[in-house]
Amino acid sequence: MNFIIIPPAFSQKSGFLITDDGKIHYQTYGSGSPFLIINGGPGLDSEGFSPLAELLSDKYLTILFDQRGTGKSALKKIDNTTITMKRMAQDIESLRAHLNIKDWIVLGHSFGGWMAEYYASRYPERIKGMILSSSGGIDLEVLNYVSANINIRLSEAEKESLKYWLEKIRQGDTGYDAKYKKGECLAPAYLYNKKFVPQVAERLAHTNLQINKLVFRNLHEINFDCKETLRNFSKPVLIIQGRQDIVGDGTAFRAHSILRNSTVVFLNECGHYGWLDQKEQYIQEIDKFLASVNK
């Protein structure tokens, strides 16, 4: 019997960027115009975004990286001097130079949207275009309501279970099972189609809470607000999110009012993860945007 081996549709490479205080792990998929994906969190690695990178790798050189201190990226020490928005933006710029890329399109999802905007405000000449996917918005306004939006999307049983697992973790149970159960209670708030709950729960279970807290501490310390720094940003921007996202429509329009060359797209029957709830339309909109910027 003869077996035909079919190679994967994408080529994947990984490597490390050495920094003055550690190393940054990155992966590239496919070839073509460079497209950087900045994952959400904060405190999460990029592994959950590999399916998205693979989907786009037939036309583009898609790039993922583990933000400092997460995944395979290592730091000599983790504290409020090493976990800052400024240092993370420097990592992105160093990665661009390391890969010998002149400029690129940057997609930031959720917290990654904040990171993309902050990077754009510091290195605008390095960005050809930007995609804000279920982004936190142009400033910290989303923090005024997002907890309420999460809460209202959970059933009473899910809220009770969440309280139980939060208390277990507070009392010192930091094992994977407790973290997964907590994620399992939270995941329904982020999704329209609940069949993806295990996938999102698995993702949430890997949050590095130390880094998460340090990032939010820094966001407040610098009073994160890109309205003035991006008011004259003229590169094309796609703002895309679900109609049932925990991020409200007003946050998208708030960013749209500042970003002069931006377009807003809402996906129906879709929560916080467009490539899960509405995979075909999400990829179509991103592919259309990438094609228009690269033409």
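This is a short chat about some helix contacts, cysteines and buried residues in a predicted model.

User: Before we start, what kind of model is this?
Analyst: It's a predicted model, where local features need pLDDT of at least 70 and side-chain atom pairs count only at pLDDT 80 or more, while totals for chains, interfaces and linings use all residues. Residues are numbered from 1 along each chain as its sequence is written, and side-chain values use heavy atoms, with hydrogens and water left out.

User: OK, helices. At what angle do α5 and α6 pack?
Analyst: About 155°, with the axes of α5 (residues 156-170) and α6 9 Å apart. Helices here are DSSP runs of H or I, at least four residues, and strands are runs of E, at least two, numbered from the N terminus. Axes are lines fitted to C-alpha atoms, for helices over the stretch in contact, and angles run from 0 to 180 degrees between N-to-C directions. α5 and α6 are therefore roughly antiparallel to each other (under 35 degrees is roughly parallel, over 145 roughly antiparallel, 65 to 115 roughly perpendicular, the rest oblique).

User: Which residues make that contact?
Analyst: On α5, Glu-158, Ser-161, Leu-162, Trp-165, Leu-166 and Ile-169; on α6, Asp-177, Ala-178, Lys-179, Lys-181, Lys-182, Cys-185 and Leu-186. Contact means heavy atoms within 4.5 Å.

User: And how do α6 and α7 pack?
Analyst: α6 (residues 176-186) and α7 (residues 197-204) sit at an angle of about 130°, with axes 8 Å apart. That makes α6 oblique to α7. Among the residues in this contact are Tyr-176 and Tyr-180 of α6, and Val-197 and Pro-198 of α7.

User: Cys-185 came up. How many disulfides are there?
Analyst: The count is 0 disulfides, going by pairs of cysteine sulfur atoms within 2.5 Å.

User: Is Cys-185 buried or exposed?
Analyst: Buried, at 8% relative accessible area; Cys-226 is buried too, at 2%. Buried means under 20% relative accessible area, exposed over 50%, and partly exposed in between, with a 1.4 Å probe and protein chains only.

User: What about the loop between α6 and α7, where Leu-191 lies? Which residues does Leu-191 contact?
Analyst: Leaving aside neighbours within four places in sequence, Leu-191 touches Phe-196, Val-197, Val-200, Tyr-273, Leu-276 and Asp-277. Leu-191 is buried at 4% relative accessible area. Leu-191 and Asp-245 are 54 residues apart in sequence, with their C-alphas 7.7 Å apart in space.

User: Switching topic: where is Gln-27?
Analyst: In strand β2 (residues 22-29). Gln-27 counts as buried at 10% relative accessibility. Its contacts beyond four places in sequence include Gln-12, Glu-47 and Thr-62.
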